[in-house]
Amino acid sequence: MTDKKVAVSIKDLSVEFSIGKSMFGKPPILTAVGGVSLDIPRGSFFGLVGESGSGKTTLGRATLHAAPISKGNITFTDSEDRVFDLAEMDRKEEKDFRRRAQLIFQDPYAALSPRMTVRDIIAEPLEVMKLTKSRAETDERVREIAARCRLNVEHLRRFPHAFSGGQRQRISIARALVTQPSYIVADESVAALDVSIQADILNLLKSLQRDMGLTFLFISHDLSVVAHTCDTVAVMYLGNIVEVAPPRKLFAAPRHPYTQALLSAIPSLDPDHQSTAIKLKGEIPSPVNPPAGCKFHTRCPHATDRCRVVEPIMRGDAEHKVACHLVDLPVLAQSTATQSVSA
Ligand code: SF4
């Protein structure tokens, strides 16, 4: 349940990386995120979807202060209403922020050190950040979060190789939650798991979110995974947000041609289902040299001359927003020439 306060506020954010060297002046710039504004409500399970290369992982990492902010700003408000401006934090604020905002990794096999026991893996953030005063206190915190993540006490003495993928992901989740954060970025956190285990981990994340009042940014390339999990879904393409809506609206009536193509590609279990998958032309363009106008115009089946020149602005209402010239909706009041959305 959301409480209308904003946990993460992203304003006109650009994340750029200088790549390689140029013989003629400035090196090429890769724009991973280009002018995104987005509010993630406190207590929400907010989905971020898009193809590989859309910039969703970089955007998620920027909200954890793990990617450079080239333009714009990000503020994080914790559960005690303390506000952190990610571009302006001193060392103490940085330490406090690290405790309150955590990442759950994609690959439960690579994320856990094979030489550490489960107890030590979960306890490590507490010890590195010096958040407990004694080993007994650390052990108590580890046991408490392990139980919440449905791990047994005897599991804590074992090493990661003794566990299945789902159990390893529960260990990763316990490690992320042991510092009592209020904001979690889950980056493709079920993508490496079997489908039957995915549902188990998603249910665990949802129950932890409810019980602990967490805010989640759930990053996935798979729209079918976010459909039943997220309160709101933002669709990202080549560094921009192109559509934002609750899943029931997004799935019933997607407005952006890119969202329509993504949804049409979800396989059906019905053997009589006639495939109506929209085939997009070519690959996602390079973020080093993105197309002018609407960045989707090189692949969009509805592109017009205007799309090749003019970047669409965000239109819609409080719930459903879309950036496309073909959509006949009011321009959002706070909209800029780039992106502006809030959930
Ligand atoms: Fe397609 Fe034009 Fe809409 Fe972009 S603005 S999605 S190119 S119709």
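Reader: Hi! Which domains is the protein chain divided into?
Author: Hi! In this predicted model, the chain is divided into domain 1 (6-236) and domain 2 (247-342). Their centres, taken over C-alpha atoms, are separated by 27 Å.

Reader: How many residues does each domain put into the contact?
Author: Domain 1 provides 27 residues and domain 2 provides 17 residues.

Reader: And how much area do the two domains bury between them?
Author: About 1700 Å², and 67% of that is on carbon and sulfur atoms. On the domain 1 side, E51, L223 and V235 supply 31% of the area buried against domain 2, more than any other three residues.

Reader: What about charges there? How many salt bridges does the rule find across the interface?
Author: The rule finds 1 salt bridge across the interface of domain 1 and domain 2. R299 forms a salt bridge with E51, and their closest N and O atoms are 3.0 Å apart. As for polar contact, the count between the domains is 3 residue pairs.

Reader: Which element gives the most to the side of domain 1 that touches domain 2?
Author: That's β2, with 9 residues. The elements giving two or more residues to that side are β2 (29-41), α7 (223-227) and β9 (232-237).

Reader: New topic! How many residues are in the largest nonpolar core?
Author: It has 53 residues, and I122, I173 and F218 have the most contacts inside it. Both domain 1 (6-236) and domain 2 (247-342) give residues to this core, so it lies between them. There is also a second, separate core of 34 residues, which includes V15, V36, I74 and F84.

Reader: Which residues does I173 touch?
Author: Leaving out residues up to four places away in sequence, I173 touches I104, C149, I201, L204, L205 and L208.

Reader: Okay, now helix α2. Which of its residues are buried?
Author: In helix α2 (residues 91-100), the buried residues are E94, D96, F97, R99 and R100. What covers them includes α1 (56-63), β4 (71-77), β5 (83-85), β6 (101-104) and β7 (183-187). At the start of α2, a side-chain oxygen of D90 comes to within 3.2 Å of the backbone nitrogen of K92.

Reader: Some of those have charged side chains! What does R100 form a salt bridge with?
Author: With D78, where the closest N and O atoms are 2.6 Å apart. R100 lies in helix α2 and D78 in the loop between β4 and β5, so the pair ties together parts that are 22 residues apart in sequence. R100 and D78 are both buried.

Reader: And what about D96? Which residue in helix α2 meets it in a salt bridge?
Author: K92, with N to O at 3.2 Å. D96 and K92 are 4 residues apart in helix α2, about one turn of the helix. An α-helix has 3.6 residues a turn, so residues three or four places apart point the same way. D96 also has a salt bridge with R82, the closest N and O atoms being 3.0 Å apart. R82 sits in the loop between β4 and β5, while D96 is in helix α2, 14 residues apart.

Reader: Why do we call D96 buried, and is K92 buried or exposed?
Author: D96 counts as buried because its relative accessible area is 15%, and buried means under 20%. K92 is exposed, with a relative accessible area of 58%. R82 counts as partly exposed, at 31% relative accessibility.

Reader: Last one: how many salt bridges does the count come to?
Author: By this rule, 21 salt bridges. Some share partners, joining R119, D120, E127, R135 and D139 into one network.

Terms used. Residues numbered from 1 in each chain as written. Predicted model: local features only at pLDDT ≥ 70, side-chain atom pairs only at ≥ 80, totals over all residues. Heavy atoms only, no water. Buried < 20%, exposed > 50% of the residue type's maximum accessible area, 1.4 Å probe, protein only. Contact = heavy atoms within 4.5 Å. Polar contact = N/O pair within 3.5 Å; in protein donor to acceptor, adjacent residues only side chain to side chain. Core = buried A, V, L, I, M, F, W, Y, C linked by side-chain atoms within 4.5 Å. Domains from an automatic or database assignment. Buried area = accessible area lost by both parts, 1.4 Å probe. Salt bridge = Lys/Arg side-chain N within 4 Å of Asp/Glu carboxyl O.
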